[in-house]
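Please examine the sequence and the model shown below. The explanation after them proceeds through the strands, the core, the cysteines and the surface.

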Amino acid sequence: MMEEAEMAKFPSHTFGQAFTTLKCQASQYLPWMEKRFKGNGGYLVSRKVNDVWDLHSAYDVVVNCSGLGSRDLFGDQSIYPVKGQVLEVNAPWIKHFIRDGDGTTYIYPGISAVTLGGTRQRDDWSCLPNAKASKGILDRCCHLEPSLHGVSVIQEKAGLRPTRSALRIEKDILIRNGQQLPIIHNYGHGGGGFSIHWGTAKMATKLLQELIPSLHKVYSRSKL
């Protein structure tokens, strides 16, 4: 997932920690991804979209990665939030991953902090950390790793996992007033986004490549 030049910035004995950070600490991973995207000629536009058809005049194809936003934009009521909460703690002596049972309880060392988790609360739309959940996380992680007793908590974090019964990666065509807007859906990753996003992005790209020839035909006919 990292270019060789980027990997070289980390000492070889800390690569395991660096990789963990990229997987678990989005605050570092996402800026790296943004830099890579812009370096390849991409650009970002921040805009609120209430109706995806508003993009019709400006874009030939829309790749929908809106997650929970797909409920309103595309009427997909099968997607729902699963709230997740973690703690970042100062525990530099933790060097190894620890994951218990169904994966609800885990300890992931990173470069600047250790991440303790977690929770899975279906249909909870709150992005605010819950004190009771934090205590439960810490108690469970201390049971797995007793050296964490009395550890200093740096930050509590909570977020929503966009979840559905199956990941949606497919082509779609919106039609309005005789006009078409091709859509490629890529959402519903749940708690596996960081694990599978690279592969699903490649699948979405393949679907886009399949659309390009048909788009060329449409534009060629329209110019005649």
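The following paragraphs describe the strand pairing, the nonpolar core, the cysteines and a part of the surface.

This is a predicted model, in which local features need pLDDT of at least 70 and side-chain atom pairs count only at pLDDT 80 or more, while totals for chains, interfaces and linings use all residues. Residues are numbered from 1 along each chain as its sequence is written, and side-chain values use heavy atoms, with hydrogens and water left out.

Helices and strands are DSSP runs numbered from the N terminus, with at least four residues of H or I for a helix and at least two of E for a strand. Two strands are said to pair if DSSP finds at least two bridges between them. A convenient starting point is strand S2, residues 80-90, which runs antiparallel to S5 and is joined to S5 by four bridges. S2 also pairs with strand S7, residues 152-176, in the antiparallel sense, over 11 bridges. Val 86 illustrates both pairings: its bridge partner in S5 is Gly 117, and its bridge partner in S7 is Lys 157.

From S5 the pairing continues to strand S4, residues 105-109, which is antiparallel to S5 over four bridges. Here Tyr 106 stands opposite Gly 117 in S5. The connection between S4 and S5 is a hairpin through four residues. From S7, in turn, 10 bridges lead to the antiparallel strand S8, residues 179-189; within this pairing, Tyr 187 of S8 is the bridge partner of Arg 168. S7 and S8 also form a hairpin, with two residues between them, and Asn 177 in its turn has a positive phi of about 55°.

The side chains of S5 deserve a separate look. In a regular strand the side chains alternate between the two faces of the sheet. In S5, residues 114-117, Val 114 and Leu 116 point one way, Thr 115 and Gly 117 point the other way, and all are buried. Buried denotes under 20% relative accessible area, exposed over 50%, and partly exposed the range in between, with a 1.4 Å probe and protein chains only.

Val 114 and Leu 116 are also among the 12 residues of the largest nonpolar core, which includes Leu 87, Val 89, Ile 137, Cys 141 and Cys 142. S2, S5 and helix H5 (131-144) each supply at least two residues of this core, and H5 gives the most, with three. Such a core is a set of buried Ala, Val, Leu, Ile, Met, Phe, Trp, Tyr and Cys residues joined through side-chain atoms within 4.5 Å.

Why does Cys 142 form no bond with the closest cysteine sulfur? The sulfur of Cys 142 is 7.2 Å from that of Cys 141, which is too far for a bond, since a disulfide is a pair of cysteine sulfur atoms within 2.5 Å. The structure holds zero disulfides. Cys 142 counts as buried because its relative accessibility is 5%, whereas Cys 127, at 47%, counts as partly exposed.

The last region is the loop between helix H3 (26-39) and strand S1 (62-64), where Asp 60 is found. Asp 60 counts as partly exposed because its relative accessibility is 45%. Its C-alpha is 9.2 Å from that of Ile 183, although the two residues are 123 apart in sequence. Val 45 lies in the loop between H3 and S1 as well and, at 55% relative accessibility, counts as exposed.
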